[in-house]
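Colleague: Please take me through this structure step by step. I would like to know how each conclusion is reached.

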Amino acid sequence: MIADRTPPDKGLSQEPTARAVYPARLEIDYPEAGLNRVTTAFRLVLAIPILLLVALLASSATDWSLEDVDPGLEFWGVLLSMGGIIFLPVLLVILFRRKYPRWWFDWNLELTRFVMRVNAYLLLLRDEYPSTDEPQGVHLSLDYPAAAARDLNRWLPLVK
């Protein structure tokens, strides 16, 4: 049996809100008219430029290691990748200052929204080419973590 994680009713409606239950919400508007067969057939070829952009921005999908040059430099190759540049400062700020800067959270949220638009395009959920800034029927929202002890533990980034 799954435990109900909704807050107690305070005389409001019986429907739990998505915000009260889940901190991450994803909604994709499916096209009513169906997908264009021509663009569907060439979807992987059309997606090459946007996939290169995703690979450059979210470099966890790429291998930036320098193992072939010198095995001792592999750590620095990972550190210099875009993921290391974004991840390490956030880890240090959470660890020592116990806060997650809002602008970093907004950057990560917009990057995740962009990757979700690309995924919806590749998985044939949406027909329009993914935009770098407009939602286009893919709506992702994440709750900003509060700096309370239960929401943002300073030691969790070391083990997660």
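Modeller: A residue is called buried under 20% relative accessible area, exposed over 50%, and partly exposed in between. The model shown is predicted.

Colleague: Is glutamate 128 buried, partly exposed or exposed?

Modeller: The relative accessibility of glutamate 128 is 29%. The buried class needs a value under 20% and the exposed class a value over 50%. Glutamate 128 therefore counts as partly exposed.

Colleague: Which residue meets the side chain of glutamate 128 in a salt bridge, and is that residue buried or exposed?

Modeller: The salt bridge of glutamate 128 has an N to O distance of 2.7 Å, and its other side chain belongs to arginine 126. The relative accessible area of arginine 126 is 12%. Since the buried class is under 20%, the label for arginine 126 is buried.

Colleague: How many helices and how many strands does the protein chain have?

Modeller: Read along the sequence, the pattern is α-β-α-α-α-α-α-α-β-α. Counting the symbols gives eight helices and two strands.

Colleague: What share of the residues in the protein chain is buried?

Modeller: The protein chain has 160 residues. The cut-off for the buried class is under 20% relative accessible area. The buried share of the chain is 22%.

Colleague: Which elements each supply at least two residues of the largest nonpolar core?

Modeller: In soluble globular proteins, nonpolar side chains tend to be buried together. Here the largest nonpolar core has eight residues: Val90, Val93, Ile94, Tyr100, Trp104, Phe105, Leu109 and Leu140. The elements that each supply at least two of them are α6 (82–97) and α7.

Colleague: How many residues are in the second, separate core?

Modeller: Among the members of this second core are Ala47, Ile50, Val54 and Tyr121. Its full number of residues is six.

Colleague: Is valine 138 buried or exposed?

Modeller: Valine 138 has its place in strand β2. Leaving out residues up to four places away in sequence, valine 138 touches Leu26, Glu27, Ile28, Met116, Arg117, Ala120 and Arg126. With a relative accessible area of 6%, valine 138 is buried.

Colleague: What distance separates the C-alpha atoms of valine 138 and tyrosine 30?

Modeller: Along the chain, valine 138 and tyrosine 30 are 108 residues apart. In the model their C-alpha atoms are separated by 9.1 Å.

Colleague: With which side chain does the side chain of aspartate 29 make a polar contact?

Modeller: Aspartate 29 lies in the loop between β1 (24–28) and α2 (37–41), and is partly exposed at 38% relative accessible area. Not counting residues up to four places away in sequence, aspartate 29 touches Leu125, Arg126, Gly137 and His139. The polar contact, at 3.0 Å, is with the side chain of histidine 139.

Colleague: Where are the two residues of the salt bridge between aspartate 127 and arginine 43, and which of the two is buried?

Modeller: The side chains of aspartate 127 and arginine 43 meet at 2.8 Å, N to O. The pair links distant parts of the chain, 84 residues apart: aspartate 127 is in the loop between α7 and β2, and arginine 43 is in helix α3. Aspartate 127 counts as partly exposed at 23% relative accessibility. The buried residue, with a relative accessible area of 3%, is arginine 43.

Colleague: About how many helical turns separate aspartate 106 and arginine 102?

Modeller: The side chains of aspartate 106 and arginine 102 also meet in a salt bridge, at 3.3 Å, N to O. Both residues are in helix α7, and because they are four residues apart, their separation is about one helical turn.

Colleague: What is the value of phi at leucine 124?

Modeller: Leucine 124 is in the loop between α7 and β2. Leucine 124 is not a glycine, yet its phi is positive, at about 60 degrees.

Colleague: How much accessible area does the nonpolar patch on the surface have together?

Modeller: The patch is formed by Val38, Phe42, Val45, Leu46, Ile48, Leu52 and Tyr129. Elements giving two or more residues to the patch are α3 (43–46) and α4 (48–57). Tyrosine 129, one of the patch residues, is partly exposed at 36%. Together the patch residues have an accessible area of about 680 Å².

Key. Residues are numbered from 1 along each chain as its sequence is written. This is a predicted model: local features need pLDDT of at least 70, side-chain atom pairs count only at pLDDT 80 or more; totals for chains, interfaces and linings use all residues. Side-chain values use heavy atoms; hydrogens and water are left out. Buried means under 20% relative accessible area, exposed over 50%, partly exposed in between (1.4 Å probe, protein chains only). Contact means heavy atoms within 4.5 Å. A polar contact is a pair of N or O atoms within 3.5 Å; within protein, one must be able to donate a hydrogen and the other to accept it, and residues adjacent in sequence count only if both atoms are side-chain atoms. Patches are made of residues with over 30% relative accessible area and no salt bridge: like charges are joined within 9 Å, nonpolar side chains (Val, Leu, Ile, Met, Phe, Trp, Tyr) within 5 Å. Accessible areas come from the Shrake-Rupley method with a 1.4 Å probe; for residues, only the protein chains shown count as cover. A salt bridge is a side-chain nitrogen of Lys or Arg within 4 Å of a carboxyl oxygen of Asp or Glu. A nonpolar core is a set of buried Ala, Val, Leu, Ile, Met, Phe, Trp, Tyr and Cys residues joined through side-chain atoms within 4.5 Å.
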